Amino acid sequence: MSSTPNHSGSLEDKDGEISVDILRAGTQDIYSGESLDPVYHAKAKILNDAIQEIGMGKYQWCLFFVAGFGWFADNLWPVGVSTPGLIYTSVTREFNVLGEWMLLGQALGLLVGAVFWGVGCDVWGRRWSFNLTLLITGAFALAAGASPNYYTLCICVTFWSIGVGGNLPVDSAVFLEYVPASHQYLLTVLSIWWAIGQLMGALVAWPLISNYSCPTTSVTCPASSNQGWRYYLFTMGGIMMVMWILRFFVFNLQESPKFLMGRGRDADAVAVVHRVAAFNGKTSILTIEHLREAERLFGSTQSEVVMATSATAAAMRKIRTLDLSHVKPLFATRKLTYSTCTLIVLWALIGLAFPLYNAFVTYYLQTRGAALGQTSVYTTYRNVVILSVIGVPGALMAGYLVELPILGRRGTLAIFTALTGVFILASTTARTSNSYLAWNCGYSYTSNVMYGVLYALSPELFPTKTRGTGNAIVATANRVFGLMAPIIAMEASITTSIPIWVAGGIFVAAGFIALLLPFEPRGRASL
């Protein structure tokens, strides 16, 4: 942004709204007209406008690239053709154990990671959380490859999942705090990394596990003949370490200006804004006086309110987003209550069905192929790659379908969620390897459409000032029910079609529940 000599600056309080004359960008903030901390609210508004004035430049595009690593990891390790699913058969055969404890450790780690890193990035900063999540994921993935026994492997899976669980909460916050409001739609585009992560996992597993695993016909499976899953973990763990190096040493992420301001480091926050502007080849006219004027204005008009800047206060600002004053608006009216509860149920059911199916699809695919005379591990992982490729256009197609008047968000979500379940159930009737693969290609496509719509629909249906709280609630429901998937599998025989039938039935039910959503956001602005 080029400075304008005759453009003076001032702050005005107009009925609770903050006008920043010196920064001409007019951004909309979440808590418009009210704030848990009025001084923080005022300063955050100024920083938002400063970022908007800088615009979308080289710094933000570099951040788009390195932040995408978080989406990559989120699908590579726990979702889609998840790592435990890819290595499930090889691990259980080598150690002669039930693999559900590994999957339970993964689910527990993801839940802990989402909570720990989500609060932690408000205590010690975005920068360290942004870098440490990938480091922890890569380090424990490498350690898992050298596991001498099953218990050690389960521990490593749990800890790498703690790292993975923090990727999206932290990375999405970092990206949104640097990207101008006019380009926040790029948060949706980041999901392309999600599809790349799924495809990469399958492409690496195909040659390694198929060529370096025990033959399916062998009675025993010694470690010396079953190194494929270890090679896979070494490879993917190494990729995570390379991504961490790119983040930490090459990109050099600046600490978030909002975090610095929230800790009372206004001068540092202003300096960061100027460094980002310089990186983009522009200049910023933001000064510390703008932030100080906000504090004087709201300190004098709000009974000398002074923003708390301690680590405890920073953490409490995060925790308070879940207090009743910000939960109640989600249930302000009967129709809004109905909408919120329906979304919670949808996220919970999909959170149960998706990991339940994906955790055992590779195992089921291999055993089903054996029953049909297809015993090649190579064929199994070739099919997994095909399923991953089919999912990529599904993620892109979702953006087109939701804008069709005949479907909209609600119709697309309902149809493709139910179709996801139908394809899963239909796959149990396959009598040839190719027919089974065809059913699963349908599942891969429809599930990617489903998730693409769900991630966009949920924020649209929450009121703006409680959107973060609503997202947190549905995400928690998703993770908690995800913990139930391996528990159900422990009680059922995974050598049968039971986990597949349960997952398929849940998806079909969720599809019908989606039709009960009372609002259709297509063509309407979110409040």
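Me: What makes 54% of the 527 residues of the chain count as buried?
Reply: In this predicted model, a residue counts as buried when its relative accessible area is under 20%, and 54% of the 527 residues of the chain meet that condition.

Me: What does the chain expose, and which atoms supply 65% of it?
Reply: The exposed area comes to about 21100 Å², and carbon and sulfur atoms supply 65% of that area.

Me: Why is the set that includes Leu 63 and Trp 77 called a nonpolar core?
Reply: A nonpolar core is defined as buried residues of types such as Leu, Trp and Tyr, joined through side-chain atoms within 4.5 Å, and the largest such set in the chain has 112 residues, of which Leu 63, Trp 77, Leu 153, Tyr 232, Leu 233 and Leu 413 touch the most other members. Helix α2, residues 58-76, contributes the largest share of this core, with 10 residues.

Me: How do you know that α5 and α7 meet, and which residues do so?
Reply: Contact requires heavy atoms within 4.5 Å, and on the α5 side Arg 126, Ser 129, Phe 130, Thr 133, Leu 134 and Thr 137 meet Asn 167, Val 170, Asp 171, Ala 173, Val 174 and Glu 177 in α7. By class, this contact has five nonpolar, four polar and three charged residues.

Me: What describes the packing of helix α5 with helix α7?
Reply: Two packed helices are described by the angle between their axes and the distance between the axes. For helix α5 (residues 126-145) and helix α7 (residues 167-178), the angle is about 145° and the axes are 10 Å apart, while the crossing in which α5 passes α7 is left-handed.

Key
Residues numbered from 1 in each chain as written. Predicted model: local features only at pLDDT ≥ 70, side-chain atom pairs only at ≥ 80, totals over all residues. Heavy atoms only, no water. Buried < 20%, exposed > 50% of the residue type's maximum accessible area, 1.4 Å probe, protein only. Helix = DSSP H or I, 4+ residues; strand = E, 2+ residues; numbered from the N terminus. Areas by Shrake-Rupley, 256 points an atom, 1.4 Å probe, with all protein chains shown as cover. Axes fitted to C-alpha atoms, helices over the stretch in contact; angles between N-to-C directions. Left-handed = near helix turned anticlockwise from the far one by under 90°. Nonpolar A, V, L, I, M, F, W, Y, C, P; charged D, E, K, R; others polar.
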